[in-house]
Amino acid sequence: MALLGMYILVTLACAYVRTSVKTWTLATAIVLIASIVLTDSSFWAGFFILLLFALPALFLNIKSIRQQYFTQHFLTFFRKALPQLSETERVALEAGTVHWDAELFSGKPNFKRLHNMKKPELSTEEKAFLDGPVQTLCEMIDEHEYNHVKGDMPKKVWEFIANEKFFAMIIPKEYGGLGFSALAHSYVLQKVASRSAVAGATIAVPNSLGPAELLLHYGTDEQRNHYLPRLAAGKEIPCFGLTAPSAGSDATSIPDKGVVCKKKIDGKEVLGISLTFDKRYITLSPVATVVGLAFQMTDPDKILGDREHLGITLALVPSDTPGMDIGRRHLPLDVLFMNGPVRGKDVFVAMNAIIGGEKMIGHGWRMLSEVLAVGRAISLPSSSTGGAKMVAYATGAYARIRKQFNLPIGRFEGIEEALCRIAGKTYSCAAVSSMTAAAVDRGERPSVPSAIAKMHTTDMARDIIADAMDIHGGKGIIMGPNNYLGRAWMGAPIWITVEGANILTRSLIIFGQGAIRCHPYVLKEMEAANLADEEESLKTFDHLLFKHMGYTFQNAVRSFFMGLGSWRLEPGPGDKFTKQFYSRITRYSAAFGFAADVAMLTLGGSLKKRESTSARLGDVLSHLYMASAVLKRYRDQGEQSADQPLVAWALHHHFYEIEQALKILSYNFPNKAVGFMLRRTIFPLGTHELPPGDRLGHKVASLMLSPNETRDRLCDGIDKQVSENNLVAKMNQVLAKVIDTEPLERRILKAEKSGEIDAIEPTEQLNQALERDIINKSEFNTLTKVRAQVAEVIAVDDFPHDAFDRTQAYTTREEAKIA
């Protein structure tokens, strides 16, 4: 038994430290032989243990044996179990690149790779743009006027946006654009979105999934030279039509058709396409001058060749082309950015309208997949982060200014709970947005991280605004010029819905792509299994398979022992504060790698249909990525000790969510026995992660209630300049005065309790305090002024009785109906 125990111990130790098979073989042989020689073990016991060791050692080390007796049979099984990837799925997988997301699949992330990512920094020119044109635009914004009065931004704002090249941030300077980094693009959207969802959406679309991005990557020289300077100068306003009534998230089922045909124009026969389409939810379409379209291209007369169905194709169509029906508007939850349908019947365009020319016919899905990865990484995460920071900045101030029972409401524990959720999730939003934008600047196409960023920043922004609305109470629900939250509350579902609803992203995309794209072996095994040369296929597959088996076994062993507590011994960078969090990422990376392999091995191709299982594995990957981003942001900001409560809250939240996802995965695993094994391996002592505690929450909430450097860093990049319509900036100016006068308020309260002041009405109380020398004249004037400013902060709007009569907006009822 001692020899068997020694054999198992060495095997587990080698697996835990992730040695190679050869190292395991040598180490085990030395230990076993030494144990037999140095102990009184019987001959038969030694022989049995050596035989038990020799059989797997020979099998693992001699390739010809394992290939003949195992690998070729498993390869046959693997090919049958391999999920059949459609062409669109294959294109989507190939569209992205991997970086840190692949490390999280490894089971033992290399944190040097995380730290070696260059700290995101803006150029001098980009900073000047933020401090100049962006700040000016923020001061021009009147969100209430846009949404409630005019239903649009004034002409002067549209002209300013166009003239200052807000639509041209991603267009290179040689075409007249700004040529900004993805980080600058992100920061501009954060700042503008902190003031206006309407202006933010207006700016985001031309710099995201739109004609400019597609032209830069795929356009012909002629197309670039024609359109990019006009887009940069604001002479063209672009939009892109992808979503159809019967094909929303399933973009590959686009019903819109483009038929190759010939048409006589000015006496000349022109080869082109006759387009019939029906698009909806298209941002900027009501004012667009050029429309990007995705459609299924067909060639029934086989003018271009012998194929009839040519596949998804993209084209640019001027909005004044005959047959175009454009200009009507949707009403997206009363957040009145320009959004509407685009329709057309028998719209003829020449072949040069195809983005990239005829060589790109049928490649539209690949083009969209590559561009979507970049668009998801910037536009929605940045806009959500800007909104989250604004809400955090506003709610912290309001919770200190607003009083109930003579105490700032932010001091009540119930409010503290909501405040720390707002702060912690805002920190995570900022961290994820910054890290994903930096990946784009490194030349990556982060398909999996961009899906994580899009889904979780929009979800967290919705949670943040929900908590803020609870804290503000009636202040948040009464719409009007004094309401700075209502539109954010109404608009939260919009950002969750666009560019793929979050249910789809969570259930199908994050782990669905990540399992194949980021796993160290799966995609390579699939490629090896499909090699035409059978001998080369077997050889390559065998090499990958046994590396994969070792990886799975190592992750199982590491998961088990780290579940017993050995994760605390894992080496990690940083000081005492950060090391524990790096070690936890390592612990859950191993657990995730093992769980992912178990799911793929036992469920095979059916995992595509097991959306709940895929979603929970995606949750683990997502929270590992977000925890990494939080640590990266903390490091990039100089590891400020004052920020530690905020960082700790965010990380404890992510680790709790990881553990919950793994636990629920194991209890709901389709095969109950496998689920039990998974649970006992990953959590041998049960689950122990807790959500952030009350003490930590109190520290975080306190940071939100007064001006300090941590709060400034949390809410960096938003518009904090006091201007006519920037109510949040004005409120934070009042916050400082409220804090300064709190000793005076406490003096008056004490006098009231002692009976020195017997008035009930606040103004009369103040007069009595002055008369009875409780405060002096200067203090009286200061308190009078500050109380008046507080009254303005907590005020809500009211309107004339007939203010909401909109009957004049339509001449007939039919005009209000959707065509």
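The bend at a residue is the angle between axes fitted to the seven residues ending there and the seven starting there. In this predicted model, helix H4 bends by about 40 degrees at phenylalanine 70.

## Helix H4 and its partner

Helix H4 covers residues 63-81. The end C-alpha atoms of its 19 residues are only 24 Å apart, whereas a straight helix would reach 27 Å at 1.5 Å a residue. The buried residues of H4 are Arg66, Gln67, Thr71, Phe74, Leu75 and Phe78.

Tyrosine 69, also a residue of helix H4, is exposed, with a relative accessibility of 56%. Together with Leu58, Ile62 and Ile65, Tyr69 makes a nonpolar surface patch of about 370 Å².

Arginine 66 pairs with aspartate 542 in a salt bridge, with 2.9 Å between the closest N and O atoms. Aspartate 542 belongs to helix H22 (residues 534-563) and arginine 66 to helix H4, so this salt bridge ties together parts 476 residues apart in sequence. Both aspartate 542 and arginine 66 are buried.

## Salt bridges between helices

Side chains of opposite charge can pair when their charged atoms come close. The model has 26 salt bridges. The table gives three of them, including the pair already described.

| Pair | Closest N to O distance |
|---|---|
| Aspartate 542 and arginine 66 | 2.9 Å |
| Glutamate 742 and arginine 400 | 2.8 Å |
| Arginine 506 and aspartate 619 | 2.7 Å |

Glutamate 742 and arginine 400 form a salt bridge through their side chains. This pair links distant parts of the chain, with glutamate 742 in helix H29 (residues 727-754) and arginine 400 in helix H15 (residues 364-401), 342 residues apart. Glutamate 742 has a relative accessible area of 10% and is buried. Arginine 400 is buried as well, at 7% relative accessibility.

The salt bridge of arginine 506 with aspartate 619 joins helix H20 (residues 502-517) to helix H24 (residues 611-636), so parts that are 113 residues apart in sequence are tied together. With a relative accessible area of 30%, arginine 506 is partly exposed. Its partner aspartate 619 is buried, at 13% relative accessibility.

There is also a network of salt bridges, which links Lys389, Arg633 and Asp716.

## Helix H20 and the loop before it

Which residue marks the bend in H20? The helix bends by about 30 degrees at isoleucine 509. Isoleucine 509 is buried. The other buried residues of H20 are Asn502, Thr505, Ser507, Ile510, Phe511, Gln513, Gly514, Ala515, Ile516 and Arg517.

Valine 498 sits in the loop between helix H19 (486-497) and H20. Its relative accessible area is 32%, and valine 498 is therefore partly exposed. Apart from neighbours within four places in sequence, valine 498 contacts Leu380 and Lys454. Threonine 243, 255 residues from valine 498 in sequence, lies 9.9 Å from valine 498 in space, C-alpha to C-alpha.

## Threonine 710

Is threonine 710 buried or exposed? Threonine 710 is buried, with a relative accessible area of 4%; under 20% counts as buried. Threonine 710 lies in helix H28 (residues 709-714). Setting aside neighbours within four places in sequence, threonine 710 contacts Ala642, Asp643, Leu646 and Leu703.

## Positive phi in two loops

Arginine 18 has a phi near 65 degrees, which is a positive value in a residue other than glycine. Arginine 18 is placed in the loop between helix H1 (2-17) and helix H2 (21-38). The relative accessible area of arginine 18 is 21%, so arginine 18 counts as partly exposed.

Aspartate 266 is not a glycine, yet its phi is positive, at about 55 degrees. Aspartate 266 lies in the loop between strand S2 (257-265) and strand S3 (268-283). At 77% relative accessibility, aspartate 266 is exposed.

Technical notes. Residues numbered from 1 in each chain as written. Predicted model: local features only at pLDDT ≥ 70, side-chain atom pairs only at ≥ 80, totals over all residues. Heavy atoms only, no water. Salt bridge = Lys/Arg side-chain N within 4 Å of Asp/Glu carboxyl O. Helix = DSSP H or I, 4+ residues; strand = E, 2+ residues; numbered from the N terminus. Buried < 20%, exposed > 50% of the residue type's maximum accessible area, 1.4 Å probe, protein only. Patch = residues over 30% accessible without salt bridge, like charges linked within 9 Å, V, L, I, M, F, W, Y side chains within 5 Å. Areas by Shrake-Rupley, 256 points an atom, 1.4 Å probe, with all protein chains shown as cover. Contact = heavy atoms within 4.5 Å. Expected span 1.5 Å × (residues − 1).
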